[in-house]
Amino acid sequence: MAMSKSGAGTHTVLATTVSKQQGGYDCELVDGSLLERYQCSVCMKLLRDARLTECCGQHFCDTCFQQWFEKNKTCPHCRAKQCKSVLNKEKIRDVNQLRVRCTNREKGCAWAGELGGLKDHLQSDNGCDYEIVTCDYSGYHVPTGIRVFFSDHQELTTCNLRMKRILLRVHRKDCPYRDYKCDYCGLTDTFDAIAGSGKITKTKPPASKFFRISYPSHFSTCGEYPLECPNKCGGKGIKRKDMETHRNTCPLER
């Protein structure tokens, strides 16, 4: 437990609350008239982790109250120095049951539900179509013999494109970093490494610095990949690993 003292006033809080999100919930209530009852008077937003003061019976967001008290050593409302406070679990429960609109309402989302379900609506794979999310496909195998710093390797091996979730669902079907299996030998890697261009070009700040790595895609080296005889003898579907043997017997080989 963390203790903060200032003269005659003593304020006690749990240390685990310090790392919580800052300020209140920045979302719209379905019934806007309820905001005044559940509003933090420091950030003027919907109470997050409501903390109740014993001196004047006011509620504040947990982090708003802690930051105010650390700086001013008084109650944010009545300015009392004797300012003890507790987390009000009943108020927290009431706030979580309030009906709110999606934070992406202006972008087109029509969702409305309990505040406690907003996080799942925004973060789940089947959630808000308008939330900005990051493509998490990764796994690009930088070929043996090409040396890059580890931090550069991480950037090269992860997609990290950000877009609306509705667009991400389409992007993931064509993302060059998606998992892909060679139909001929069974090797699994990313699509670009197996069947793509075999090239990576990425910009890294400052803009003058670029990654430019070029190497053959897997299909250009796969031993099981079917080829046509370069002598045009009619031989087709010859595995790359068997091509040398074929050419030794090819009637058109010079």
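User: Which residue in E5 is the bridge partner of arginine 51?

Analyst: In this predicted model, the bridge partner of arginine 51 within E5 is leucine 87.

User: What makes E3 and E5 a pair of strands?

Analyst: Two strands pair if at least two bridges are found between them, and strand E3, residues 50–53, shares 3 bridges with E5 in the antiparallel sense, so the two strands count as paired.

User: Where does this pair stand in the sheet, and why are E4 and E5 called edge strands?

Analyst: The sheet is open, with 3 strands in the order E4-E3-E5 and antiparallel pairing. Strand E4 (59–61) and strand E5 (85–87) each have a single partner strand, so one side of each has no neighbour in the sheet, and this is why they stand at its edges. On average, neighbouring strands of this sheet are turned by 35 degrees against each other, direction ignored.

User: How do you know that helix H1 packs on the sheet, and what angle does the direction of H1 make with that of E4?

Analyst: Helix H1, residues 62–72, touches E3, E4 and E5, where contact means heavy atoms within 4.5 Å. The direction of H1 makes about 90 degrees with that of E4.

User: How many aromatic pairs are there, and why is the pair of phenylalanine 65 and phenylalanine 69 called stacked?

Analyst: The structure holds 6 aromatic pairs. For phenylalanine 65 and phenylalanine 69, the ring centres are 6.0 Å apart and the planes stand at 25 degrees; rings pair if their centres lie within 6.5 Å, and planes under 30 degrees apart count as stacked, so this pair is stacked. These two residues are 4 residues apart in helix H1, which means that about one helical turn separates them. Ring pairs also link Phe60, Phe65 and Phe69 into a cluster.

User: Are phenylalanine 65 and phenylalanine 69 buried or exposed, and how do you know?

Analyst: The relative accessibility of phenylalanine 65 is 0% and that of phenylalanine 69 is 1%; buried means under 20%, so phenylalanine 65 counts as buried, and phenylalanine 69 is buried as well.

User: What makes the pair of tyrosine 180 and phenylalanine 191 edge-to-face?

Analyst: The planes of these two rings stand at 90 degrees, with centres 5.0 Å apart, and because planes over 60 degrees apart count as edge-to-face, the pair takes that name. Tyrosine 180 lies in strand E10 (residues 179–181) and phenylalanine 191 in helix H6 (residues 191–194), so the pair ties together parts that are 11 residues apart in sequence. Tyrosine 180 is partly exposed at 24% relative accessibility, and phenylalanine 191 is likewise partly exposed, at 22%.

User: How do you know that the charged end of arginine 178 sits over the ring of phenylalanine 191?

Analyst: The charged end of arginine 178 is 4.1 Å from the centre of that ring, and the distance limit is 6 Å, with a further condition that the charge be within 35 degrees of the ring normal. Arginine 172 lies over the face of tyrosine 137, also with a distance of 4.1 Å from the ring centre.

User: Why is lysine 232 called exposed, whereas asparagine 160 is called partly exposed?

Analyst: Exposed means over 50% relative accessible area; lysine 232 has 62% and is therefore exposed, while asparagine 160, at 47%, counts as partly exposed. Lysine 232 is found in the loop between strand E14 (226–227) and strand E15 (238–239), and asparagine 160 in the loop between helix H4 (150–156) and strand E9 (162–164). Although asparagine 160 is not a glycine, its phi is positive, about 65 degrees; lysine 232, not a glycine either, has a positive phi of about 60 degrees.

Key. Residues are numbered from 1 along each chain as its sequence is written. This is a predicted model: local features need pLDDT of at least 70, side-chain atom pairs count only at pLDDT 80 or more; totals for chains, interfaces and linings use all residues. Side-chain values use heavy atoms; hydrogens and water are left out. Axes are lines fitted to C-alpha atoms, for helices over the stretch in contact, and angles run from 0 to 180 degrees between N-to-C directions. Buried means under 20% relative accessible area, exposed over 50%, partly exposed in between (1.4 Å probe, protein chains only).
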